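Colleague: I have not seen this structure before. Could you take me through it in questions and answers?

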Amino acid sequence: PGEEVVTAPLTCQVIKVLVEAGEKVEIDQTLLIVEAMKMEMPIPSPFGGKVKEVLVKEGQTVDSGTNLLTLTSL
């Protein structure tokens, strides 16, 4: 895939950031946990690769479509 930006599926609050820049990730690995409508939702990696940068912080509220982090393929 090259490079892909992972975005928020809906307006939510970032509860936990589970990865950091430079970290290798597997396909479907949980990258972040967000909360919306009182439900926690894991945000999975769309492919195996490397985290280029994390664009949000824990506790931050983001709108639908907000860029959360960037992944690059290995």
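Colleague: In what order do the four strands of the open sheet that holds strand 2 stand?

Modeller: This is a predicted model. The pairing in that open sheet is antiparallel. Strand 5 (39–44) and strand 7 (61–62) each have a single partner strand, so one side of each is left without a neighbour in the sheet. Read across the four strands, the order is 5-4-2-7.

Colleague: Which residue in strand 7 does Gln13 stand opposite?

Modeller: Strand 2 covers residues 12–17 and pairs with strand 7 in the antiparallel sense over two bridges. The residue in strand 7 that faces Gln13 is Thr61.

Colleague: Lys16 is in strand 2; is Lys16 buried, partly exposed or exposed?

Modeller: Lys16 touches Leu32, Ile33 and Glu58, leaving aside residues up to four places away in sequence. Its C-alpha atom is separated by 5.1 Å from that of Ile33, although the two residues are 17 apart along the chain. Buried would need under 20% relative accessible area, and exposed over 50%. The value for Lys16 is 43%, so Lys16 is partly exposed.

Colleague: What is the order of the strands in the open sheet that holds strand 8?

Modeller: Four strands make up this open sheet, with antiparallel pairing. Strand 1 (3–7) and strand 3 (24–25) stand at the edges with a single partner strand each, so each has one side without a neighbour in the sheet. The order is 1-8-6-3.

Colleague: Which residue in strand 8 stands opposite Val54?

Modeller: Strand 6 and strand 8 run antiparallel and are joined by four bridges. Opposite Val54, in strand 8, is Leu69.

Colleague: Which element gives the largest share of the largest nonpolar core?

Modeller: That core has 19 residues, and Leu31, Leu32, Leu68, Leu69 and Leu71 have the most contacts inside it. Strand 2, strand 4 (30–36) and strand 8 (67–72) are the elements that give two or more residues to it. The largest share is four residues, and it comes from strand 4.

Colleague: Ser45 is in the loop between strand 5 and strand 6 (49–54); what is its relative accessible area?

Modeller: Leaving aside residues up to four places away in sequence, Ser45 touches Val25, Glu26, Ile27, Asp28, Gln29, Leu31 and Leu71. On the same basis, the residues that Leu71 touches include Val25, Leu31, Ser45 and Phe47. A residue is buried under 20% relative accessible area. Ser45 is buried, and its relative accessible area is 1%.

Terms used: Residues numbered from 1 in each chain as written. Predicted model: local features only at pLDDT ≥ 70, side-chain atom pairs only at ≥ 80, totals over all residues. Heavy atoms only, no water. Pairing = 2+ DSSP bridges. Core = buried A, V, L, I, M, F, W, Y, C linked by side-chain atoms within 4.5 Å. Buried < 20%, exposed > 50% of the residue type's maximum accessible area, 1.4 Å probe, protein only. Contact = heavy atoms within 4.5 Å.
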